[in-house]
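Biologist: I'd like a close look at one small part of this model, please. Could you walk me through it slowly, as if I were new to this?

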Amino acid sequence: MSTPLPRPGKIIAVHLSYISRADQRGRRPAAPSYFFKPSSSVAASGATVERPAGTELLAFEGEIALIIGEPARHVSLDSAWNHVAAVTAANDLGLYDLRANDKGSNVRSKGGDGYTPLGPELIDAARLDPAALRVRTWVNGQLRQEDTTAALLFSLPQVVADLSQHLTLEPGDVILTGTPAGSSVIVPGDVVEVEVDAPDAAGAPSSGRLITTVVEGTTAFNPGLGSLPAVDDHQRIEAWGSAEEAGLAPSEPAEPAEPEAPAESALSDTLREKLLRAPTAGLSSQLRKRGILSCFIDGVSANIADARIVGTARTLRLVPLREDLFSSHGGGYNAQKQLFDSVHTGDIIVIEARGDNETGTLGDILAQRALVRGAAGVVTDGGVRDYATVAELGLPVFSRGAHPSVLGRKHVPWEHDVTIACGGATIQPGDIIVADSDGAIVLPPAIAAEVADATLAQEEEDEWIAEQVAAGHPVDGLFPMNTEWRTKFEARERP
């Protein structure tokens, strides 16, 4: 067993940093975020690590560890690397059975004894280009991870400089810089090896292989002291790296990424043009004549003055917050993100939030994604975060107003492209949505063309009637038109 490194004053770990890992998780953060690990979690190469009794999902994460050499406080990006004394290998082990309980702090899921093996050798940082380091991980001799710091979302100097804005980095402190794709579950008997090197530097310096062997623990968690380990399929997928690896999906490789083209829509270009001229007040009148009274999406108004949208409904259902369900459905590539990533030109995203306007149902990032995908707008019977920014982006959103809080305060994103209730109206995927300054309504596709034509014809009549009233004629017999006025209308000069 190698001699352990001196115990650091603090260990700071980056949540997501490699492009490959971020894309695997379905989210690319705009800025680095961090968590602490206790110094008691440090172990040397050759040590064993226990998978606690009664648990299932202990996972490895091969990482590059930075050892601080000079105090760093408010250092610049250009000088940040000068404060790093050395680089070595790390294994940021984590127990996913406790991940949901920690809700992002990772105190228990990442803080166990032996959960931060470091070493075995230190590489002088002055010899290294921080953008040209490599990390590799083997499990039982099989290569499972390989990536370089050229593929980081945030450079190593940026991480040091950013942290120094918030706290003093002291000599001996360790920064774990995140793991690439390939992290997965390990079981008792597995041997994990991590190596960090600089293959293009003079002498190709290396940390050597950091070796950790997994053993089965014998002591179970005491149910009388705190929350207990618990797993679900979401945590299994996160820990194993994919549904396939977790045994939850067919092993055949999935076809990728780009959302399927939408099926042929009832909303043709011609019908869309007509509906853009047809006011919701007129459309609702025509629907009423055909026996459809429950067409109104009540309580919503536009974020942009004079906004008018017409499109095909894509639906998102939010259910009331329940903490365990949010843990399994709220994070990662959830139903909300899946929907915003798959809309097509002309679609309108309709969100069921049960009329609860005390939290946001979307914000500026998702609004930007909807615009890039070509969405015509959003209708939600909940609130909107970043309200002014979303309006400035130019995305029409009909909602119950602004609210600063995040989705998870009140909602769990449950499923998309299903029948929902929004603002008291039932909406199915493929229904036609029209919204203007009077509000928003839903049109059944089967009668949409008929209703549009009738509405435009009625609008022409109403405009003519308004001209007669403006000329001084009384409304009696004119609105609605009796036979005499109808004859005059039919005989009018048409432009």
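Which ring does the charged end of Lys488 sit over, and how far is that charged end from the ring's centre?

Modeller: Lys488 has its charged end over the ring of Trp485, 4.3 Å from the ring centre. Before we go on, some ground rules: this is a predicted model, where local features need pLDDT of at least 70, side-chain atom pairs count only at pLDDT 80 or more, and totals for chains, interfaces and linings use all residues. Residues are numbered from 1 along each chain as its sequence is written, and side-chain values use heavy atoms, with hydrogens and water left out.

Now, "over a ring" has a strict sense here: NZ of Lys or CZ of Arg must be within 6 Å of the ring centre and within 35 degrees of the ring normal. Arg492 does a similar thing: it lies over the face of Phe489, 3.8 Å from the centre of that ring.

So what are those two rings up to? Let's look at aromatic pairs, of which the structure holds two. In the first, Trp464 and Trp485 have ring centres 5.9 Å apart and planes at 70°, so they meet edge-to-face. (Rings of Phe, Tyr and Trp, taking the six-membered ring of Trp, pair if their centres lie within 6.5 Å; planes under 30 degrees apart count as stacked, over 60 as edge-to-face and the rest as tilted.) This pair links distant parts of the chain, 21 residues apart: Trp464 is in helix H12 (residues 445–470), and Trp485 is in helix H13 (residues 483–490). Helices here are DSSP runs of H or I with at least four residues, numbered from the N terminus.

The second pair is Trp464 with Phe489, also edge-to-face, at 5.5 Å centre to centre and 65° between the planes. Since Trp464 lies in helix H12 and Phe489 in helix H13, this pair ties together parts that are 25 residues apart in sequence. Put the pairs together and you get a cluster of Trp464, Trp485 and Phe489.

Are these rings buried or exposed? Buried means under 20% relative accessible area, exposed over 50%, and partly exposed in between, using a 1.4 Å probe and protein chains only. Trp464 has a relative accessible area of 12%, so it is buried. Phe489, at 5%, counts as buried too, and Trp485 is also buried.

So here's the picture to keep: ring pairs link three residues into a cluster, with Lys488 over the ring of Trp485 and Arg492 over the face of Phe489.

Notes
Helix = DSSP H or I, 4+ residues; strand = E, 2+ residues; numbered from the N terminus.
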